[in-house]
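Student: Could you pick one part of this structure and take a close look at it with me? I would also like to hear how it sits within the rest of the chain.

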Amino acid sequence: MSLELILVLVFAVTTLIGYKLIKNVPSLLHTPLMSGMNALSGITILATMTATVAALTTGSKIFGCIGIICATINVVAGFGLTNRMLKMFKTGGSGGDEKAE
């Protein structure tokens, strides 16, 4: 069996396992899990920066820059969504869609 086929099979199996795990998470745990995933995405940014710096060819550097941009978008959007979800749990009139004056 070739290495590429093994890698595709590992990817497919881990995707199915991840989907099954996330599907069974109670909704109360989604906000803390999202915060944890944002931290992991931060590590992904560091890893892509390191890989981009170590890249030897121009094409690899371009893919590294694209990876950095995608991971950064993921972190910013994740923290924005987590902040929005946490505002929903605040009591009183301090959260929600109130307009600032």
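**A close look at helix α3**

Tutor: Let's take helix α3, residues 58-89: its end C-alpha atoms are 47 Å apart, which agrees with the 46 Å that 32 residues should span at 1.5 Å a residue. Please keep in mind that this is a predicted model.

Now look along the helix for residues that are covered. The buried residues of α3 are G64, I68, A71, V75, G78, T82 and M85. As you read their numbers, one general point helps: an α-helix has 3.6 residues a turn, so residues three or four places apart point the same way.

What does this part of the chain meet? A good place to check is T52, which sits in helix α2, residues 30-54. Leaving aside residues up to four places away in sequence, T52 touches K61, G64, C65 and I68. Two of these, G64 and I68, are among the buried residues of α3. T52 itself has a relative accessible area of 11%, so it counts as buried, the cut-off being under 20%. Its side chain also has a partner: a polar atom there lies 2.6 Å from the backbone oxygen of T48.

Helix α1 gives a useful contrast. None of its 21 residues is buried, so α1 lies largely in the open. From first C-alpha to last, α1 reaches 30 Å, close to the 30 Å expected at 1.5 Å a residue. One residue to find there is L9, which belongs to α1, residues 3-23. L9 counts as partly exposed because its relative accessibility is 43%. Together with M1, L5, I6 and V10, L9 makes a nonpolar surface patch of about 490 Å².

Stepping back to the protein chain as a whole, you will find three helices and zero strands, running α-α-α from the N terminus on. Of its 101 residues, 16% are buried. Among contacts with a separation of 6 or more, 62% are between residues 24 or more positions apart. The accessible surface of the chain comes to about 8200 Å², with 74% of that belonging to carbon and sulfur atoms.

So, back to your close look: start from the buried residues of α3, such as G64 and I68, and then find T52, which touches them both.

Terms used: Residues are numbered from 1 along each chain as its sequence is written. This is a predicted model: local features need pLDDT of at least 70, side-chain atom pairs count only at pLDDT 80 or more; totals for chains, interfaces and linings use all residues. Side-chain values use heavy atoms; hydrogens and water are left out. Patches are made of residues with over 30% relative accessible area and no salt bridge: like charges are joined within 9 Å, nonpolar side chains (Val, Leu, Ile, Met, Phe, Trp, Tyr) within 5 Å. Accessible areas come from the Shrake-Rupley method with a 1.4 Å probe; for residues, only the protein chains shown count as cover. A salt bridge is a side-chain nitrogen of Lys or Arg within 4 Å of a carboxyl oxygen of Asp or Glu. Helices (H or I, at least four residues) and strands (E, at least two) are DSSP runs, numbered from the N terminus. Buried means under 20% relative accessible area, exposed over 50%, partly exposed in between (1.4 Å probe, protein chains only). Contact means heavy atoms within 4.5 Å. A polar contact is a pair of N or O atoms within 3.5 Å; within protein, one must be able to donate a hydrogen and the other to accept it, and residues adjacent in sequence count only if both atoms are side-chain atoms. The expected span of a helix is 1.5 Å times one less than its number of residues.
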